[in-house]
Amino acid sequence: MDLFDYMRKNTMETEAPLASRLRPKTLDEVVGQQHIIGKDKLLYRAIKADKISSIIFYGPPGTGKTTLAKVIANTTSAEFTQINATVAGKKDMEEVVKSAKDSMGMYGKRTILFVDEIHRFNKGQQDYLLPFVEDGTLILVGATTENPYFEVNGALISRSIVFELKPLAKDDIKILIERAVYDKERGMGEYNAVIDADAEEFLADIADGDARAALNAVELGVLTTERGSDGKIHITLDVAAECIQKRAVRYDKTGDNHYDTISAFIKSMRGSDPDAAVYYLARMLYAGESVTFVARRIMICASEDVGNADPQALQVAVAAAQAVERVGMPESQLILSQAAIYVACAPKSNSCTNAIFHATESVKRQKATVPSHLQDSHYRGAEKLGHGLGYEYAHDFPKHFSKQRYLPEELGDTRFYEPSENGYEKEIAAHLKWIRE
């Protein structure tokens, strides 16, 4: 390292963004992700023992993918090299491979190659790495925000362990916010700042699992807020909202406002008011509600309140739920809006809901036997027991219908499903009337 490299390194350590300065240096400093780095977990043991094999970290921004790579860099005895797939070319990779071979040949040391944004590598670039990962020249540590099973070469995947990082919990982000404000060594502690409890709560909530977003807001707040009469910089709720460019909506994802808003959202869809439905949807998303939670409620409403009055409503809702998992915010708001409005405008029927509730009550109340002609006739000895005898295959009859009994005898002519006259269920009702009569 020459003098210029030394000066640049020192400058980066002191002038780097807060989120970078606060990055943990040891495994025990890492906050969150206990499902993969808890003390009894494979990754924790592998890092502590310096026995890392090729791995890929997959998860949303700000969840600690690069952080874990840096922790590995600080604890491993292997050579550690980092490249970013957005700017690295084949020449860069050739230099890494050459250096790795030299290190192995001269010192017997393996090389860990950290590839940030690995999904940005094209197939040819990923294929180039494969033989060197295969023969142990390189230990690959990749990081990606995209599903690696879609975006990374299958051969690389098969030679790696994929660890999925989850959005950080609100309490985890609170810990990081407090480190940011009060840590004098790597945080903003020298500025003599304090953060109000409601501001901390708001930032932890609105960050939606992204630690970097919360830390950037803290840094901006401390650097741009004038000192109070007591000589301290006060990060209030208004300052926090201004720094993260979101108004502090009165909404707690675990409190009354959460349940009141989601209740109003569902009742608006059930009540066929698309304007109210999309308003409550916007309110939830603006406050940082999980898109997957909202998508689940739309799917439930599509089945519970629309049902067979418009069978397509459930298809729209399920497609929306799958789409938001792939797309993420902010684009997911468009998908959820389409689904919520469709469900709100669809004709309504809760006949399917009533049917399963009534059937369940019947199961609880009364014991009933499956009719013998409906019982399985394929196993050995079934015919001697009379199982399946007399069953009429519906497709052998006119209009593919045979008037035989399907309900247990004990239930008589009980009706569980009574279709409404709304939407497509009107057609179902007419067809069912013909069948039953």
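Helices are DSSP runs of H or I with at least four residues, strands are runs of E with at least two, and both are numbered from the N terminus. With that in hand, Ser337 can be placed in helix α18.

This is a predicted model, in which local features need pLDDT of at least 70 and side-chain atom pairs count only at pLDDT 80 or more, while totals for chains, interfaces and linings use all residues. Residues are numbered from 1 along each chain as its sequence is written, and side-chain values use heavy atoms, with hydrogens and water left out.

**Exercise 1. Decide whether Ser337 is buried or exposed, and find its contacts.**

Step 1: Recall the cut-offs: buried is under 20% relative accessible area, exposed is over 50%, and partly exposed is in between (1.4 Å probe, protein chains only).
Step 2: Ser337 has a relative accessible area of 19%, so this residue is buried.
Step 3: Contact means heavy atoms within 4.5 Å. Once neighbours within four places in sequence are set aside, Ser337 is in contact with Val278 and Leu281.

**Exercise 2. Check the length of helix α19 and find what covers its buried residues.**

Step 1: The expected span of a helix is 1.5 Å times one less than its number of residues.
Step 2: Helix α19 (residues 351-365) has 15 residues and should therefore span 21 Å; its end C-alpha atoms are 21 Å apart, which agrees.
Step 3: Ser351, Thr353, Ala355 and Ser362 are the buried residues of α19.
Step 4: Their cover includes α16 (291-306) and α21.

**Exercise 3. Work out which residues form a salt-bridge network with Glu201.**

Step 1: A salt bridge needs a side-chain nitrogen of Lys or Arg within 4 Å of a carboxyl oxygen of Asp or Glu. The structure holds 15 of them.
Step 2: Lys170 and Glu201 meet in one, at 2.7 Å from N to O. Because Lys170 lies in helix α10 (residues 170-182) and Glu201 in helix α11 (residues 197-206), this pair ties together parts that are 31 residues apart in sequence.
Step 3: Look at exposure next: Lys170 is partly exposed at 21%, and Glu201 is partly exposed at 27%.
Step 4: Lys174 also meets Glu201 in a salt bridge, at 2.6 Å from N to O. Lys174 is in α10 and Glu201 in α11, so here the parts tied together are 27 residues apart in sequence.
Step 5: Through shared partners, Lys170, Lys174 and Glu201 are joined into one network.

**Exercise 4. Describe the salt bridge between Lys123 and Asp127.**

Step 1: The closest N and O atoms of Lys123 and Asp127 are 3.0 Å apart.
Step 2: Both residues lie in helix α7 (residues 123-134), four residues apart, about one turn of the helix.
Step 3: Lys123 counts as exposed because its relative accessible area is 63%, whereas Asp127, at 30%, is partly exposed.

**Exercise 5. Classify the ring pair of Phe57 and Phe163.**

Step 1: Rings of Phe, Tyr and Trp (its six-membered ring) pair if their centres lie within 6.5 Å; planes under 30 degrees apart are stacked, over 60 edge-to-face, and the rest tilted.
Step 2: Five aromatic pairs turn up in a search of the whole structure. For Phe57 and Phe163, the ring centres are 6.3 Å apart and the planes are at 40°, so the pair is tilted.
Step 3: Phe57 is in strand β1 (residues 55-58) and Phe163 in strand β5 (residues 161-164), so the pair ties together parts that are 106 residues apart in sequence.
Step 4: Phe57 and Phe163 are both buried.

**Exercise 6. Inspect the backbone of three loop residues: Ser272, Pro330 and Lys399.**

Step 1: Ser272, in the loop between α14 (256-270) and α15 (274-286), is not a glycine, yet has a positive phi of about 60°. Its relative accessible area of 37% makes Ser272 partly exposed.
Step 2: Lys399 sits in the loop between α20 and α21. This residue is not a glycine either, and has a positive phi of about 55°. With a relative accessible area of 65%, Lys399 is exposed.
Step 3: Met329 and Pro330 are joined by a cis peptide bond, with omega about 10°. Pro330 belongs to the loop between α17 (312-327) and α18 (332-345).
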